[in-house]
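Subject: A structure for you to explore

Hi there,

Here is the structure I promised to pass on. Have a look at it first, and then read on for what turned up in it.

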Amino acid sequence: MADCLFCSIVEGAIPNHTVYEDEHCLAFLDIYPRSKGHTVVIPKKHATTILDLDEESAAAFMPAVQKSMQRIADVLAPEGFSVGANQGEAGGQEIMHLHMHIMPRWKGDGGGNMHSIVKAESDMPVEDVAKLFS
């Protein structure tokens, strides 16, 4: 996609600091890191969200995340990780190319857990939400 920052990185038009790469995915250091070694994993084929991935890219995506995390663990030896993707504008996605953030974590780094991202409670009891899936 011509206007996509991450597609430009895949094409080599914009340099990156590669952490991991294979035929389907590229992992590179985030240029605005939230922690030492903060890495972004992207599919090389453009997809806006995980729901837009074709089957082949989807099958390759999580193994690339896992291999990237292992590389970070081997190099930086963090005490933990926070891993996640912002999907859609309401979910905080700023670059409309699927990307998974891998944030190495250390005790006392000031970060929270995934539950600290959203502060609002559900407007429906869990039992009512469960009925929607029945």
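Helices (H or I, at least four residues) and strands (E, at least two) are DSSP runs, numbered from the N terminus. With that in hand, the chain reads α-β-β-β-α-β-β-α from its N terminus on, with three helices and five strands.

Two notes on how to read the rest. This is a predicted model, where local features need pLDDT of at least 70 and side-chain atom pairs count only at pLDDT 80 or more, while totals for chains, interfaces and linings use all residues. Residues are numbered from 1 along each chain as its sequence is written, and side-chain values use heavy atoms, leaving out hydrogens and water.

**The whole chain**

The C-alpha trace spans about 50 × 40 × 25 Å along its principal axes. Of the 134 residues, 31% are buried (under 20% relative accessible area; exposed is over 50%, partly exposed in between, with a 1.4 Å probe and protein chains only). Among contacts (heavy atoms within 4.5 Å) with a separation of 6 or more, 52% join residues 24 or more positions apart.

**The sheet**

In what order do the five strands of the open sheet lie? The order is β1-β2-β3-β5-β4, with antiparallel pairing (two strands pair if DSSP finds at least two bridges between them). β1 and β4 are the edge strands, each pairing on one side only. Neighbouring strands are turned by 20° against each other on average, direction ignored; axes here are lines fitted to C-alpha atoms, for helices over the stretch in contact, and angles run from 0 to 180 degrees between N-to-C directions.

β1 and β2 form a hairpin with three residues between them, and three bridges hold this antiparallel pair. One of the partnerships is Glu-21 with Leu-26 of β2. At the other edge, β4 and β5 are joined by five bridges, and Phe-81 has Pro-104 of β5 as its bridge partner.

**Helix α2 on the sheet**

α2 lies across β1, β2, β3, β4 and β5, at about 25° to β5. Its buried residues are Ser-57, Ala-60, Phe-61, Ala-64, Val-65, Ser-68 and Ile-72, and what covers them includes all five of those strands.

The length of α2 can be checked too: its 22 residues (55-76) should span 32 Å at 1.5 Å a residue, and the end C-alpha atoms are 32 Å apart, which agrees. The expected span is 1.5 Å times one less than the number of residues. Asp-54 caps the N-terminal end, with a side-chain oxygen 3.2 Å from the backbone nitrogen of Glu-56. Just after the helix, Ala-77 takes a positive phi of about 50°.

**Ser-82**

Ser-82 sits in β4 and is buried, with a relative accessible area of 17%. Its side chain makes a polar contact with the side chain of Arg-105 at 2.7 Å (a pair of N or O atoms within 3.5 Å; within protein, one must be able to donate a hydrogen and the other to accept it, and residues adjacent in sequence count only if both atoms are side-chain atoms).

**The cysteines**

How many disulfides does the structure hold? Zero, where a disulfide is a pair of cysteine sulfur atoms within 2.5 Å. For Cys-4, the nearest cysteine sulfur is that of Cys-7, 3.7 Å away. The sulfur of Cys-25 is 13 Å from the closest one, also in Cys-7, too far for a bond. Cys-4 is buried at 6%, and Cys-25 is buried at 1% relative accessibility.

Enjoy exploring!
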